[in-house]
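The briefing below walks through one structure for a reader at the bench, moving from single residues to the sheet and the ligand. Please keep the sequence and the model in view while reading.

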Amino acid sequence: MILKEKGISKAVISRLPRYYRYLGDLLDSGVERISSGELSERMKVTASQIRQDLNNFGGFGQQGYGYNARVLREEIGKILGLDKVHPMIIIGAGHLGQALGNYGFDKNGFKVVGAFDINPDLAGMKIRDVSVQMLDELPEFLDQHVVEIATLTIPKEAAVEVAQILVRNGIHAIWNFAHTDLNLLLPEDVVVENVHLSESLMRLSYNLTNIVGAEADRKKKIGAEKR
Ligand code: NAI
């Protein structure tokens, strides 16, 4: 499905992973059918937003029946490309690279097939069933294996250069954890998802700071500790 042709907004697309996750949780707990009202209550999104969002894709609900959670999840999965396996590599096998590799995103179709680093001490180290290789082996690896996504868990100073090597060797999707926004620097046919966990923490900090009484509470506690 070509999103531009369908005219589906980025905002809708950005909400789909959340629908997908909630529907998975519902199915795990044995719920097969759900109304937009019930889904709205669980997800804290208005029922009309849910109906509007899902109507973009032909509306999977039936009047008076609600949504078939399994069919809806499958369809959203197809839209998100989760009905296919996406072979993935990790560049930077340090703390974060190992954590991501060990987590196992396989259940959603993201299969780690290689890991690369420049630190010779890490050569041959296993992340699940993948051995860490040296970065200079990357071009040959990409020539011989199908890889769709590269995860970058390296310092920001190295990110642009490594991203360029990846792009030269046919990678079109980068999951970027390095602290630089790579999409501004790469060709248009390369998609980048920049992940900044600290931004999420900053949003939490904003909400904490703006919850009435939170700051007063904190001061009271600090005062009590000092006494
Ligand atoms: P780390 O130091 O444990 O791992 C970094 C690894 O990258 C090392 O093994 C190093 O040898 C390797 N490396 C350095 N240059 C390389 C290159 N040119 N090619 C391949 N490998 C290379 O650091 P950690 O904690 O795993 O963090 C990795 C990066 O992710 C850091 O830049 C950190 O700032 C960033 N980070 C980003 C977060 C986010 O939310 N975006 C959260 C946590 C860390």
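In this predicted model, Arg73 has a relative accessible area of 26% and is therefore partly exposed, a class that lies between the cut-offs of 20% for buried and 50% for exposed. Arg73 belongs to helix H5, which covers residues 69–79, and, when residues up to four places away in sequence are not counted, Arg73 touches Tyr20, Leu23, Gly24 and Leu27. From the C-alpha atom of Arg73 to that of Ala150 the separation is 26 Å, the two residues being 77 residues apart along the chain.

**Domains**
- The chain is divided into two parts, with domain 1 spanning 3–79 and domain 2 spanning 86–195.
- Between the C-alpha centres of domain 1 and domain 2 there are 31 Å.

**Ser40 in helix H3**
- Ser40 sits in helix H3, which is made up of residues 36–43, and Ser40 counts as buried because its relative accessibility is 15%, under the 20% cut-off.
- The side chain of Ser40 reaches the backbone oxygen of Val45 at a distance of 3.0 Å.
- With neighbours within four places in sequence left aside, the residues in contact with Ser40 are Val45, Thr46, Ala47 and Ile50.

**The seven-stranded sheet**
- Seven strands form an open sheet with mixed pairing, in the order E6-E7-E5-E4-E8-E9-E10, and the edge strands are E6 (126–127) and E10, each of which pairs on one side only.
- At one edge, E6 and strand E7 (residues 130–134) run antiparallel and are joined by two bridges, with Lys126 standing opposite Ser131 in E7.
- Helix H8, formed by residues 156–168, packs on the sheet and touches strand E4 (86–91), strand E8 (149–152) and E9, and the direction of H8 makes about 170° with that of E8.
- At the other edge, strand E9 (residues 173–176) and E10 run parallel and are joined by four bridges.
- Side chains alternate along strand E10 (residues 191–194), so that Val192 and Asn194 point to one face and are buried, whereas Val191 and Glu193 point to the other face and are not buried.

**Asn176 in strand E9**
- Asn176 is found in strand E9, and its bridge partner in E10 is Asn194.
- Asn176 counts as buried because its relative accessibility is 0%, which falls under the 20% cut-off.
- A polar atom of the Asn176 side chain lies 3.0 Å from the backbone nitrogen of Ala178, and a polar atom of that side chain lies 2.7 Å from the backbone oxygen of Thr180.
- Apart from neighbours within four places in sequence, Asn176 is in contact with Leu152, Leu182, Val192, Glu193, Asn194 and Val195, and of these Val192 is one of the buried residues of E10.

**Surroundings of the ligand**
- The ligand is surrounded by 20 residues, of which the closest are His95, Leu96, Asp117, Val195 and Leu197.
- For Asp117, a polar side-chain atom lies 2.6 Å from an oxygen atom of the ligand.
- Backbone atoms also approach the ligand: a polar backbone atom of Leu197 is 2.6 Å from an oxygen atom of the ligand, and a polar backbone atom of Ile154 is 3.1 Å from an oxygen atom of the ligand.
- Val195, listed among the closest residues to the ligand, is also one of the residues in contact with Asn176.

Definitions and conventions. Residues are numbered from 1 along each chain as its sequence is written. This is a predicted model: local features need pLDDT of at least 70, side-chain atom pairs count only at pLDDT 80 or more; totals for chains, interfaces and linings use all residues. Side-chain values use heavy atoms; hydrogens and water are left out. Buried means under 20% relative accessible area, exposed over 50%, partly exposed in between (1.4 Å probe, protein chains only). Two strands pair if DSSP finds at least two bridges between them. Domain bounds come from an automatic or database domain assignment. Contact means heavy atoms within 4.5 Å. Axes are lines fitted to C-alpha atoms, for helices over the stretch in contact, and angles run from 0 to 180 degrees between N-to-C directions. A polar contact is a pair of N or O atoms within 3.5 Å; within protein, one must be able to donate a hydrogen and the other to accept it, and residues adjacent in sequence count only if both atoms are side-chain atoms. A residue is near a molecule or strand if one of its heavy atoms lies within 4 Å of it.
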